[in-house]
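Me: I have a structure open and want to go through its metal sites and its internal cavities. Can we take them one at a time?

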Amino acid sequence: MTFQDHNTSTGHLLIFLEDWLVTLDMLLFFILGLFVHFVFFGSIFDIYFTSPLVHGMTPQFTPLPPPAKRLVLFVADGLRADTLYELDENGNSRAPFIRNIIMHEGSWGLSHTRVPTESRPGHVALIAGFYEDVSAVAKGWKENPVEFDSLINESKYTWSWGSPDILTMFAKGAYGDHVFTYTYDADSEDFGAHDVTKLDTWVFDKVKEFFHAARNNQSLFSKLNEEKIVFFLHLLGIDTNGHAHRPSSREYKDNIKLVDAGMKEMVSILEHFYGNDGKTAFIFTSDHGMTDWGSHGAGHPSETLTPFVTWGAGIKYPQKVSAQKFDDAFLKEWRLESWKRQDIHQADIAPLMASLIGVPFPLNSVGILPVDYLNNTDLFKAESMFTNAIQILEQFKVKMTQKKEVTLPFLFIPFKLLPESKQLNIVRKARSYIKQRKYDEAKPSHLLSCSCIAIGVFVAFFLLLQDCPWTYYIYCLLPVPIWYAVLREFQVIQDFVTLLLTVPPSYFVGYLLVFILGIEILVLSFFYRYMLTAGLLAFAGWPFITQLWTRAKSISLSWIFFSLLLAAFPLMPVVGRKPDIFLVMGAGLLVLLLSLCVLTSLIKRKDSFINEELLLHLFQMLSVVLSMCVTYSTHSSLRKKQGLPLLNQIISWLILAFSLVLPLLSPTSLFERLFSILLSLMSTYILLSTGYEALFPLVLSCLMFVWIQVEQETLQQRGISCKQKVTSVRFTCSTDITQFRQLYLDDVRRAFFLVFFLVTAFFGTGNIASVNSFDLASVYCFLTVFSPFMMGALMMWKILIPFVLVMCAFEAVQLTTQLSSKSLFLMVLVISDIMALHFFFLVKDYGSWLDIGTSISHYVIVMSMTIVLVFLNGLAHLLTTKKLRLCGKPKSHLI
Ligand SMILES: [Zn+2]
Ligand SMILES: [Zn+2]
């Protein structure tokens with residue numbers, strides 16, 4: 001391409017147009033990228049946190065007569081298995097009634113619950129037979145967020161007593177007028193403030209009154225004599241006592257005694273009411289356990305092991321055994337070795353209860369009928385198991401059909417309207433037109449966008465026909481603009497693929513392995529900061545495997561030195577743990593020393609050092625000195641409890657304000673501009689530092705300076721003649737696309753280096769995942785009154801400063817290696833998206849809230865990293881290329 005027309009006005013117009021088009025192009029690209037990331041960010045809530053439940057199955061139940069007419073379910077909320085089963089100091093049981101049942105009447109074991117060990121999912125598993133999906137989190141967790149079937153809904157009548165939080169959950173899910181709940185008022189729960197066992201005695205008293213009243217109430221009496229009825233007693237006292245006093249407390253243990261005695265009374269009232277007809281089945285269990293320190297939610301055995309005791313109609317009598325299949329120490333500890341222990345999964349209790357009273361298995365139940373508990377004929381057991389299998393299969397079939405319906409539109413996304421060869425032609429033509437600067441002809445590339453719009457409309461129409469939720473439109477339509485963007489960059493991709501094909505296969509596999517290893521290190525560094533140290537050590541060794549070491553010894557040595565120096569930071573404790581103001585002062589002194597060196601070398605190199613540039617440099621050094629003084633005096637005055645001096649505060653804010661403007665006044669030649677940015681940002685960072693972290697941006701940017709030179713060097717290694725020496729390169733606003741070369745494999749490495757440095761900037765001084773690990777003391781130079789917004793903003797700026805330094809260096813790397821920022825940026829996005837995908841699959845929808853939260857936050861960090869990257873790229877571009885002039889004398893810099 002020639003620039004003969006440079007001095008003509010049309011030439012200027014063309015260049016202007018081209019710049020404008022490039023800018024517009026970038027803008028569109030960024031907006032698209034942003035949108036895509038926001039959407040995928042939202043998608044985790046749709047994909048992981050929506051109900052996996054399916055609806056539309058036919059109820060399945062066993063055709064044989066059930067063993068029990070009614071079922072009584074006792075749930076002692078928050079009761080640990082061991083505290084119930086173990087014997088006290090005197091060798092007596094805390095629950096003599098239950099122990100008697102185990103030894104003489106029924107079957108027992110441990111019920112294994114799943115995380116989250118919370119009341120709601122526990123009760124859902126118990127009564128509805130499935131482990132509740134986490135969509136309840138997204139939907140508030142309180143009310144019944146998803147429609148599901150339960151034993152209570154399938155029963156003829158259910159009477160329940162207990163906490164409103166639990167009972168309303170199942171009453172609302174049930175249709176018809178067959179569920180009766182008796183709850184204490186949620187607001188006035190403090191009637192049990194002094195003695196929470198009242199929560200349990202309330203239930204027992206109400207049940208007693210209920211059966212007493214039933215004798216004189218004809219309609220209630222006849223209902224109670226129906227079959228397939230359920231009584232559900234929810235006992236909250238033990239959980240509340242456990243939270244208040246811990247499970248080892250006297251209160252917790254006494255509450256177990258009280259529940260045991262209450263149950264004994266309830267059972268005798270019921271048996272008496274029904275004249276000992278032997279048609280009542282009883283189940284006693286708890287929704288979850290509790291840790292020694294009185295919490296639940298996670299997966300510790302103390303939380304997941306709950307008692308399970310069942311007796312009455314249809315249940316096996318105790319089985320005396322000489323050996324048991326469990327090798328934990330519990331049986332011995334509890335002195336229950338000779339009574340057969342049968343463990344159960346919490347969700348299996350629902351099908352057991354359903355089969356006992358002969359109601360259909362709850363539709364969403366995934367529980368497997370524990371036939372070993374049943375005291376019935378083999379025919380009944382076989383029939384029940386068959387029904388169980390059919391019922392689970394039903395769900396699978398419905399789910400399959402739904403999946404098919406959902407997946408169908410995706411099959412139509414491939415560009416059927418537009419054969420690939422045709423696309424290729426259009427893109428090629430458009431590309432060549434652009435190369436020939438025939439903008440009018442390049443316009444036919446609108447054909448591509450037109451066909452993309454057509455496909456979009458087609459897909460939307462298809463979705464409309466299928467009556468899909470609106471989010472599906474976004475998920476299905478999103479590939480269209482992405483492919484549009486990709487196809488427009490087809491030349492770059494094609495070049496890259498041809499390049500890859502020229503690489504020998506063994507090398508290719510090697511590169512791929514290194515690439516995967518690199519990404520794994522990045523992913524792991526989110527969990528273990530020291531992985532960054534490992535990565536940086538590998539970086540330090542990198543010059544030896546390339547020719548860099550033989551070609552440029554001094555650059556290699558400084559690269560190794562700064563890599564090793566930076567590698568020390570991830571090993572240090574999280575910021576704010578060990579404040580050390582002298583390290584901050586040391587960092588300031590190092591900056592000053594460095595700037596003196598730079599100043600002298602600049603004066604030496606330039607024969608005519610322009611006055612205003614010298615002035616600016618000195619002014620920036622002064623601001624570093626000022627910020628050191630302010631930091632020192634503020635911290636010493638705070639130590640003396642004298643508060644933040646007003647003067648210090650004013651100077652701090654002034655330094656912050658100037659730090660954003662001063663670099664724009666410096667000359668745009670590469671090193672001068674970058675150094676000016678470093679000086680400005682360091683003066684702010686010193687104000688925000690309390691310890692060793694003040695050294696971090698300094699070491700980081702030293703490494704960045706070396707990086708720029710290293711990249712220049714590697715480019716020369718490939719035999720690409722560089723038009724300019726690094727020292728003479730200038731940042732320019734207008735990007736000249738004709739200078740861009742095609743992609744090399746090294747560019748993938750460059751993009752990876754950038755992502756790695758960004759992650760290092762992120763985690764180098766502390767884990768951002770827990771922002772509270774950042775010390776509030778770091779903003780004391782700016783304000784001491786508590787103002788969350790201002791403090792948050794300042795802290796965010798402190799976090800962003802290392803990022804800005806890396807991005808500015810990257811801007812320089814782009815410039816010196818003559819790469820189109822778009823294709824480089826595309827690679828960076830691809831790398832971070834691979835990581836995001838990695839974390840997306842690591843998002844947990846099980847485990848304690850902490851686990852879930854951490855896994856989500858990792859995904860969020862990577863996703864927002866790509867979003868933040870877009871803005872940072874813009875900011876870095878602005879910082880490096882914009883030039884303000886104080887005195888309006890225009891000075892022409894040659895490009
Ligand atoms: Zn609970
Ligand atoms: Zn609780």
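Me: What distance separates the zinc ion (ligand 1) from the zinc ion (ligand 2)?
Reply: A note first: this is a predicted model. Each zinc ion has its own set of protein donors: Asp 77 is among those of ligand 1, and Asp 239 is among those of ligand 2. The separation between the two zinc ions is 4.4 Å.

Me: Which geometry does the site of the zinc ion (ligand 1) have?
Reply: The protein donors are Asp 77 (OD), Ser 119 (OG), Asp 287 (OD) and His 288 (NE2), at 1.9 to 2.2 Å from the ion. Angles among the four donor atoms run from 94 to 131°. Four donors count as tetrahedral if all angles lie between 85 and 135 degrees. The site of ligand 1 is therefore tetrahedral.

Me: What spacing do the donors of the zinc ion (ligand 1) follow along the chain?
Reply: Asp 287 and His 288 are both among the donors. Asp 287 is buried at 1% relative accessible area, and His 288 is buried at 0%. Along the chain, the spacing is D-x41-S-x167-D-H.

Me: Which geometry does the site of the zinc ion (ligand 2) have, with its angles of 56 to 150°?
Reply: Asp 239 gives two OD entries in the donor list, with His 243 (NE2) and His 296 (NE2) completing it, at 2.0 to 2.4 Å. The tetrahedral label needs all angles between 85 and 135 degrees. Here the angles among the four donor atoms span 56 to 150°. The site of ligand 2 is irregular.

Me: How many residues apart in sequence are the parts that His 243 and His 296 tie together?
Reply: The donor spacing at ligand 2 is D-x3-H-x52-H. His 243 lies in helix 10 (residues 237-245), while His 296 lies in the loop between strand 6 (280-285) and helix 12 (301-304), so the pair ties together parts whose separation in sequence is 53 residues.

Me: Is His 243 buried or partly exposed?
Reply: Buried means under 20% relative accessible area, and exposed means over 50%. His 296, at 15%, is buried. His 243 has a relative accessible area of 39%, so this residue is partly exposed.

Me: On to the cavities. Which elements give two or more residues to the lining of the largest cavity?
Reply: The whole structure has nine cavities of 30 Å³ or more. The largest has a volume of about 100 Å³. Its lining has 13 residues, with Leu 602, Glu 613, His 617, Pro 667 and Glu 672 nearest the centre. The elements giving two or more residues are helix 26 (581-605), helix 27 (611-639) and helix 29 (670-687).

Me: Which helix gives the largest share of the lining of the second largest cavity?
Reply: This cavity has a volume of about 80 Å³. Its lining includes Ser 701, Met 704 and Phe 705. Helix 29, helix 30 (695-717) and helix 32 (788-816) each give two or more residues. The largest share, four residues, comes from helix 30.

Me: How many charged residues does the lining of the second largest cavity have?
Reply: The largest cavity has seven nonpolar, four polar and two charged lining residues. The second largest has eight nonpolar and one polar. Its number of charged lining residues is given as no charged residues.

Me: How many residues of helix 29 are buried?
Reply: Helix 29 gives residues to the lining of the largest cavity and of the second largest. The helix has 18 residues and reaches 26 Å from its first C-alpha to its last. Helix 29 is mostly covered, and the buried count is 17 of its 18 residues.

How values were computed: Residues are numbered from 1 along each chain as its sequence is written. Chains are lettered from A and ligands numbered from 1 in the order in which they are written. This is a predicted model: local features need pLDDT of at least 70, side-chain atom pairs count only at pLDDT 80 or more; totals for chains, interfaces and linings use all residues. Side-chain values use heavy atoms; hydrogens and water are left out. Donors are N, O and S atoms within 2.8 Å of the metal (3.2 Å for Na, K and Ca); water is not among the atoms, so sites may look incomplete. Four donors count as tetrahedral if all angles lie between 85 and 135 degrees; four count as square planar and six as octahedral if opposite donors are over 155 degrees apart and all others between 65 and 115; anything else is irregular. Buried means under 20% relative accessible area, exposed over 50%, partly exposed in between (1.4 Å probe, protein chains only). On a 1 Å grid over the protein atoms alone, a cavity is a set of points where a 1.4 Å probe fits but cannot get out, and a pocket is an open set with protein on both sides within 12 Å along at least five of seven lines; lining residues have an atom within 4 Å of a point. Grid points are joined across faces, edges and corners, and a volume is the space filled by probe spheres set on the points. Ala, Val, Leu, Ile, Met, Phe, Trp, Tyr, Cys and Pro count as nonpolar, Asp, Glu, Lys and Arg as charged, and the others, Gly among them, as polar. The expected span of a helix is 1.5 Å times one less than its number of residues.
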